[in-house]
Structures are given as C-alpha cells and as structure tokens.
Amino acid sequence: MKKLVLISGLFLIVISATAQKKSTKIEFEVAGVCVMCKERIEKAALTTKGVKYANWNIQTHMLSLIVDERKTSTKKVQQNIAAVGHSTKEVEAPIEAYNNLDPCCKYNDEEVVKDHNKNE
Amino acid sequence: MKSKIIFIIFTFLPILLFAQDTLKGMITVQEDEKISILVGATVYWLNTNTGTSTNEKGRFTIAYKPEYKKLVISYIGYGTDTVDINSNRELRHLLSEGNELGEVNINTRKKTRFVSVLSVANVSKISSDELLKAACCNLSESFATNPSVDVSFSDAVTGTKQIQMLGLNSPYILITQENIPTVRGASQAYGLTFTPGTWVESIQITKGAGSVVNGYESIAGQINAELVKPLTDNKLFVNLYGSGNGRIEFNTHINQKLSDKWSTGLYIHGNNRSKKIDNNDDNFLDVPLAKQINLLNRWQYQNTEKGWVSFINFRYLNDEKQVGEINFDTKKDKLTTNAWGGKINTNRFDTSVKLGYVFPETPYQSFGLQTAYSNHKQDSYYGLRIYDIEHNSIYSSLLFNSIIGDTRSKFKTGLTFTYDGYKELINTTNYDRIENSIGGFFEYSFDNLDNFSLVAGIRADQHNKLGVFITPRLHLRYVPWGKSVFRASIGRGKRSANIFAENQQLFASNRKINVFDEGGKIYGLDPEIAWNYGVSFLQGFNLFEKEGDIIFDFYRTNFINQIVVDWETPQEILFYNLDGKSYANSFQTELNYNVLEYVDLRLSYKYYDVKTDYNSSSLSKPLIPKHRFFANVGIKTVEHNNSFWKFDVTYNWVGEQRFPSTITNPIEYQKSEYGKAINLLNAQVTKVFSSKFEIYFGGENITNTTQKNPIISADDPFGEYFDSTLIYAPIHGSSYYAGLRFKLK
C-alpha cells in the first residue's frame with residue numbers, strides 16, 4: 001500500500017511537470033467557410049513544427065492554437081495555412097492555392113458565403 | 001477516463017449540383033477534437049418515405065423535389081438535426097452532438113451495429129437499438145444478433161449461457177463495465193446475467209489483443225458495456241416482460257436532475273421464474289427456477305466550465321437459482337440422495353467512483369481516476385457437492401492523457417492497482433488465496449490525419465502470483481484505397497485461471513475433480529500466457545445504389561501456457577499445465593447490406609480450429625463447432641406520427657460439435673463422437689405506438705431444436721456416470737414472450 005502511495009505521488013509530479021511545459025495560446029482569424037476548410041486549416045496548422053493543438057471555429061472563423069513559441073511563430077503558421085489556400089489578415093493565400101480549393105470552400109465567392117449565411 | 005469533448009457547431013454550404021432531381025451531401029461529426037465523416041447516418045425528408053444513409057465517405061444522395069423543405073439527419077449517439085433546404089445544392093452538415101444520449105428516440109432507421117471505420121482496433125459497436133432486437137434480458141443475451149460473439153450453453157442443469165470469441169471461452173475475454181473489469185474471478189460463470197439489458201447503453205466489442213489500459217488479462221478480446229447515465233437516460237422508464245417458459249422480468253429507471261451539475265438515477269431490476277418445466281421428461285428441470293433483485297444507484301457530476309466530471313455508483317444484487325430434479329425440495333433434500341438438486345445463491349455489492357479532469361488551458365490533457373470495490377459471495381451446492389466462494393476485489397487506476405509534440409501523437413499513461421481476496425470451499429477443501437498486483441502502462445497513438453494510424457502500448461506489472469512481467473500490444477490501421485480499412489494487431493495476455501469458478505458447470509456431474517499440483521502458485525498451477533495475432537480487412541461497396549460492406553477477419557491465439565481442462569476421461573475432470581501446443585485459429589467473414597430501403601441484411605460465416613495437446617493426445621476442443629453460419633434480417637416499416645413496426649429474424653446454423661470421449665461408459669451412457677449440426681431461429685416483432693410506448697413479442701428457438709437426453713444417467717444422478725455437461729443444443733424447446741416499454745423524457 002505504501003508503495004502505491006509513493007508511486008501515485010511520483011505520477012502526479014510527472015503530470016504537473018508535463019502540464020507546465022512551455023505553451024502559449026494564440027488566436028487569429030482565418031478565412032474559410034465549411035467543415036472541409038476546418039479540416040484543411042487545422043491539418044496545415046498542426047503539421048507546422050511547434051504547434052501542439054489547433055481548433056478552427058466555423059462560426060467565428062477564429063483559429064485557436066497552443067504552440068511552443070520557442071519553435072514557431074504566428075507568421076510561420078499563417079504562411080503554412082496560406083499555402084493550402086486560406087488567407088489571414090497578415091498573409092494572403094497564393095491565388096493558385098485558393099483556386100485549388102473545393103468549390104464549397106471558396107470563401108471569397110460572395111455566392112458561396114451568402115449561401116452559407118442564409119442556411120445558418 | 002475517456003474525455004470526449006464534442007462541440008455543437010453546424011454549418012452547411014450548398015454548392016451547385018450536377019443532377020437536377022437529387023440532393024447530395026456529406027455528414028460529419030466532431031469527436032475528440034477531430035472532424036470525422038459519419039458512416040451510416042440516416043438522412044430523410046420530413047414526413048415522407050424518402051430516406052437514405054451515408055456511405056463510407058460520409059456522403060449521401062437523396063431524391064429531391066422542390067416541395068421537400070426539411071431534411072432530417074440523425075445518428076445513434078448524436079442528435080437529430082432538421083435542416084431547412086431551399087434548393088438542391090450540395091449540403092455539408094456537422095451533426096450536433098446528442099447532449100441527451102437517451103434521446104435516441106426510435107424514430108429513424110439507424111444502423112444499429114457497425115464496425116468502426118475510424119478506430120485503430122477492430123471494434124464493433126452495439127447500440128441500444130441493437131440490444132432491443134434480443135428482447136431478453138441481460139448482458140449474456142445481448143450478443144444474439146452479433147456474429148463476433150458466440151453464445152453457447154454450458155450445461156443441462158444451470159442452463160447458463162456462455163459466450164465465446166475467436167473460439168475461446170469468456171475467461172479469455174476481458175469483460176468491463178465502463179472500463180472497470182467486472183465479469184471475472186468468482187463472477188465468471190454467472191456474471192453476465194447480473195447486468196440487466198435495459199441498463200446497457202451500448203457495448204463495444206474489440207477483437208484481438210485490445211488496449212493495455214484496462215490490464216493484462218485480455219487474450220481473445222475485450223467487451224465493454226456502457227451503462228445508461230442519469231443525465232441522459234429517460235426520466236422514467238418501465239419495462240415488463242413475460243415468457244411462456246415462466247420467466248417474468250421487471251425493469252424501471254428513475255432519473256432526476258438535481259442541479260445543473262448533479263444528477264442521480266435509480267435502476268431497479270427484478271426477475272422470477274417459478275414454473276417447473278420438464279418437457280423432455282428426464283425428471284430434471286429444463287430451466288432453473290430463478291429469482292433476482294438488482295439495484296443500482298448512480299450519481300453523475302458534470303462541471304464543463306471547470307473541466308470536472310464524476311460518477312459514483314452503488315449496486316446490490318441478490319440472485320437465487322434452483323436446479324436439478326423437479327421434485328427436489330431445498331428444505332428436505334439438500335445434500336441428501338433423496339433427490340438430486342442444487343441451489344446457487346449469490347449476493348454481490350459493488351461500488352465505484354470515477355473522476356475525470358480536462359485541463360481547461362490545454363484541452364488535450366486530462367487525467368482520470370477510477371476505483372471500484374466489490375464483494376461477491378456465492379453459496380451453492382450441486383447434488384452432494386458444496387461450492388462456496390467469496391471474492392473481495394479492489395481495482396484502482398489512475399490515467400493521464402497528453403500529447404507528444406502535437407495532437408497527432410497522443411499518449412496515455414497511468415497506474416493500476418488490483419487486489420483479489422478469495423475464500424473458496426469445495427466440499428471440505430479450502431482454496432483461500434490473495435492476489436494483488438501493481439502496474440504501470442504507457443500507450444502511444446499516432447494518426448497522420450489521413451490514412452494511417454497506430455496504437456502501441458506496453459505495461460509492466462508486479463503480481464504476487466504471476467510475478468513481474470511485461471505486456472506489449474500493437475494495433476495498426478491503414479486505408480489502402482477508398483471504402484476500405486486494413487487492420488492488424490498483436491498482443492500478449494496473462495492471467496491466473498480460477499479453475500473452479502470458471503468451470504462451475506462441471507459440478508453438475510459426478511466427475512472426480514483432479515488438479516495436478518505442479519508446484520505453481522495458483523491451485524498448484526502456473527499462469528496462463530498467450531499471444532494473439534490478427535488481421536482484418538473491411539471493404540465498403542455500393543451495389544444497385546445500396547450500401548454494404550464485407551469484412552474478413554483472421555485471428556490466431558497461441559498459448560504459451562494454458563490450464564488444460566481435460567474431460568476426455570468420462571468419470572474425471574483434470575486440470576493441468578499445458579505440455580505441448582494449444583491454439584485457436586478463427587476466420588470470420590461478414591456481409592452487411594442494406595438490401596431495400598427499410599431492409600438490412602447481415603450474413604456471417606465462421607470457421608474455428610481450436611486444438612490442444614491433452615495428456616492423452618492432441619484433440620480439437622470439445623463442443624466447439626468448426627463451422628457456423630449466421631443470418632439476420634431487420635425490417636422497419638414507414639413511420640407515421642412516430643408509430644411503426646419492426647421485424648427482426650436471426651438464424652444460426654451451428655455445425656457438428658465433438659463430444660469428449662464417453663467410450664468407457666456403459667453402452668446406454670455413451671454419446672456418439674459428434675453432436676449433430678443444429679438450426680436455431682429467433683424472431684421478434686416490435687410495435688412502436690409513440691415515442692413513449694411500445695410493445696414487443698417474439699419467439700426463441702422457433703424450430704424447437706433440442707438435444708435429446710441431454711443428461712447422461714439422469715435416471716441415476718448419484719451414480720458414477722451422471723453428467724450434464726455434454727451439451728451442444730438448447731435443452732428447452734421453443735418459447736414465446738411478450739413485453740412492453742414505457743418511457744418519459
């Protein structure tokens with residue numbers, strides 16, 4: 001029983017140590033409209049070195065990230081997201097990348113956005 | 001603790017569509033922070049007969065008319081969304097999470113059982129709807145419509161149903177209730193009958209090695225039952241059931257929300273069978289007399305803001321069974337030779353606490369703590385044999401979830417502590433013992449967010465009887481092309497065999513028990529160790545515009561050591577360590593096809609090759625059929641005002657089964673080498689009147705297949721040849737039942 005208490009104690013120390021590892025919350029807007037956009041944006045964010053967690057909100061268009069600031073910067077993430085076709089205020093997506101998006105993801109097309117808002 | 005955060009967001013974005021008269025779309029869900037496509041979601045136009053379900057890519061195509069305005073999308077375990085449609089532009093819809101899981105009103109056609117496309121392990125899930133297909137009555141009867149689990153009869157006296165997976169008996173399956181191991185130790189033989197069916201919300205069946213998180217014991221697979229939860233279950237639920245074979249059951253659930261954080265539920269089950277039935281005139285009860293009272297009280301705490309969740313459970317059970325000759329009187333004839341009879345009296349108390357916490361700042365990190373205590377006391381006698389067992393058990397585990405780098409790489413790590421104290425008495429011999437273990441585990445999972453994922457786990461345990469040992473497990477998932485999934489798994493399992501508790505059916509015979517003491521630590525025997533390997537392939541298809549899938553599974557279990565239960569000598573039952581080889585090969589193929597709009601078909605063929613080196617020779621395991629065929633058809637009629645019919649038919653063909661040798665018995669007590677192949681047919685009809693009320697009726701074993709003279713030497717039960725264990729077919733012929741369900745949200 002003593003052993004159990006000891007090991008459990010050690011275990012909790014490990015947990016709090018991991019939990020306190022350097023991580024910063026970042027939030028910024030990313031242009032996009034649908035679930036497919038969400039998947040694409042999050043994948044692009046997550047595959048950026050130093051990004052631990054990514055969640056893009058379809059309604060607010062806000063991307064929440066938890067990153068290790070020593071390894072990455074907001075700019076780097078935004079560049080990677082732009083490369084797959086999604087613009088941010090700071091980094092515009094290249095036109096070829098935007099054109100490659102699925103028809104439903106064309107966030108610059110007023111028709112598409114209007115349809116989306118209407119249905120919502 | 002499993003943390004499952006599902007956000008309620010939805011969006012839909014129509015785009016131009018090519019065809020004029022159809023609406024196309026895609027349905028997704030958010031689970032564990034990840035968007036996944038939803039396979040088999042139901043999509044239909046409100047107040048019409050036009051409906052379909054989503055394919056392997058989560059896509060659907062449905063007939064469109066301008067007058068159709070409301071599209072209903074639903075899926076078991078999620079919400080039911082009604083979407084306004086103004087044109088037939090492509091729809092993308094993120095299905096809202098069913099906050100109220102119990103709200104799964106049976107108002108749509110759902111796929112009630114499916115093999116998960118997303119999970120890495122070979123998991124098939126059974127929803128509460130599927131459970132309703134088998135009207136009765138407890139966990140052991142919940143697998144009747146699922147081909148992954150086989151149900152067999154253990155003996156002609158107690159009538160207990162045994163489950164098997166991959167050709168191996170239930171002791172080799174880790175059976176958990178909300179991830180706490182439950183049906184084990186003293187409750188191995190009857191434990192599945194101690195969980196009423198209405199308490200079960202869903203069942204997950206994992207074939208093969210399974211996860212290291214729940215321990216080292218699983219060898220053939222894991223079965224987890226999730227119970228109904230106070231927050232999401234019906235406010236009031238009443239179920240009554242009566243069967244022609246004299247069985248009556250009563251279930252009621254009462255759930256109450258106490259505050260925005262606390263809810264509680266009280267679940268009461270009672271069953272009774274007092275009618276004496278002996279249709280085969282062997283002077284023995286065909287089914288035991290039985291009584292059970294089962295009470296469960298659950299408390300649920302949920303604080304989503306702070307990230308805390310908790311469950312506290314209390315359960316009390318009393319179960320009594322009377323078996324044997326019909327004129328056996330428990331008062332006068334107990335332990336006498338007046339008449340052969342027995343009584344199995346079980347009292348069980350369980351309590352468990354679960355606590356889970358998700359870090360609000362880092363939602364990918366969480367920890368869980370679960371602790372369970374149970375006291376299981378069985379007092380019983382079978383003829384002149386006394387068997388008493390008391391099992392005190394503590395199970396505790398601490399679990400921490402986090403990521404390595406980013407959320408594509410996750411890990412779970414933690415500690416497990418177990419204590420099992422047994423007091424076991426057979427006639428005058430005591431087998432008291434204490435087992436305890438402490439162990440740590442680490443499980444890593446990786447998902448490339450595309451076509452490949454893996455789960456690799458390892459645990460190290462120190463056990464006072466099993467020693468210090470390592471348990472590795474590995475699962476892989478790969479999507480080679482569209483609509484397909486390839487899986488592979490390998491893992492090791494180790495356990496101490498509770499030879500008497502697990503083989504209690506042998507007490508209903510006059511076989512002499514003989515345990516070969518080989519200096520081991522458990523009954524003088526060594527621990528059981530086995531490796532399990534498996535591959536599985538699923539291919540979805542679209543035939544005549546209807547969805548279907550076909551699955552091929554192959555698994556092999558290889559025992560390093562096994563406690564061989566040898567009943568090849570008619571008057572003896574021997575337990576000894578394996579000397580040589582023992583393996584179980586299982587091949588299964590399964591076809592699921594949505595034949596017509598409202599008709600689902602499931603076909604399965606299974607082949608088992610289970611062989612053990614006995615002391616005498618190498619033999620295939622007795623009473624395990626080599627071939628099995630399974631068919632299930634489900635039909636649901638069109639709905640009008642929540643009212644409809646459901647029809648369900650299950651057919652089983654079970655190939656011939658080898659009897660243990662009876663060659664040295666007198667000729668009248670001998671069995672042939674093999675028991676005949678049998679056909680079994682069950683059917684059920686449900687009429688749903690409204691979302692509140694439904695009735696059902698059905699028949700079990702409609703073809704009236706029974707085994708002639710199931711008990712050897714039934715006329716002389718105290719003679720040396722008496723044996724009720726050589727059973728390959730039902731004892732009781734056809735029986736019909738009816739029941740009702742009433743629920744209030």
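Two strands are said to pair if DSSP finds at least two bridges between them. Helices (H or I, at least four residues) and strands (E, at least two) are DSSP runs, numbered from the N terminus.

The model is predicted: local features need pLDDT of at least 70, side-chain atom pairs count only at pLDDT 80 or more, and totals for chains, interfaces and linings use all residues. Residues are numbered from 1 along each chain as its sequence is written, and chains are lettered from A and ligands numbered from 1 in the order in which they are written.

**Exercise 1.** Identify the partners of strand E18 (residues 236-243) of chain B and describe its two faces.

Solution.
- Step 1. On one side, take strand E19 (residues 247-257) of chain B: seven antiparallel bridges connect E19(B) with E18(B). Within this pairing, Glu249(B) of E19(B) lies opposite Tyr241(B).
- Step 2. Examine the link between these strands. The hairpin of E18(B) and E19(B) has three residues between the strands, and Gly246(B) adopts a positive phi near 90° there.
- Step 3. Turn to strand E46 (residues 735-744) of chain B, which is also antiparallel to E18(B), with eight bridges. Arg741(B) in E46(B) is the bridge partner of Asn239(B).
- Step 4. Separate the faces of E18(B). Phe237(B), Asn239(B), Tyr241(B) and Ser243(B) form the covered face, whereas Leu236(B), Val238(B), Leu240(B) and Gly242(B) form the uncovered one.

**Exercise 2.** Determine which strands stand at the edges of the open sheet containing E32, E36 and E35 of chain B.

Solution.
- Step 1. Write the order: the three strands run E32-E36-E35, with mixed pairing.
- Step 2. Count partners. Strand E32 (512-515) and strand E35 (563-566) of chain B each have a single partner strand, so these two are the edges and one side of each lacks a neighbour in the sheet.
- Step 3. Add the geometry: from one strand to the next, the twist averages 15° (axes are lines fitted to C-alpha atoms, for helices over the stretch in contact, and angles run from 0 to 180 degrees between N-to-C directions).
- Step 4. Inspect one pairing. E35(B) and strand E36 (residues 572-577) of chain B run antiparallel and are joined by four bridges; Ile563(B) faces Asn577(B) of E36(B).

**Exercise 3.** Classify Gly540(B) as buried, partly exposed or exposed, and list its contacts.

Solution.
- Step 1. State the criterion: a residue is buried if 20 or more other C-beta atoms lie within 10 Å of its own, exposed if 12 or fewer, and partly exposed in between, with C-beta atoms placed from the backbone.
- Step 2. Apply it. Gly540(B) has 19 C-beta neighbours inside 10 Å and is therefore partly exposed. Gly540(B) belongs to strand E33 (residues 528-543) of chain B.
- Step 3. List the contacts (C-beta atoms, placed from the backbone, within 7 Å). Leaving out residues up to four places away in sequence, Gly540(B) touches Asn55(B), Glu56(B), Lys483(B), Ser484(B) and Asp549(B).

**Exercise 4.** Assess how compact chain B is, given its 745 residues.

Solution.
- Step 1. Inventory the elements: chain B holds three helices and 46 strands.
- Step 2. Compare with the globule rule (2.2 Å times the number of residues to the power 0.38, the radius of gyration being taken over C-alpha atoms). The radius of gyration of chain B is 26 Å, close to the 27 Å expected for 745 residues, so chain B is as compact as a globular protein of that length.
- Step 3. Add the extents: the C-alpha trace of chain B spans about 80 × 55 × 50 Å along its principal axes.
- Step 4. Record the burial: 50% of the 745 residues in chain B are buried.

How values were computed
Contact = placed C-beta atoms within 7 Å.
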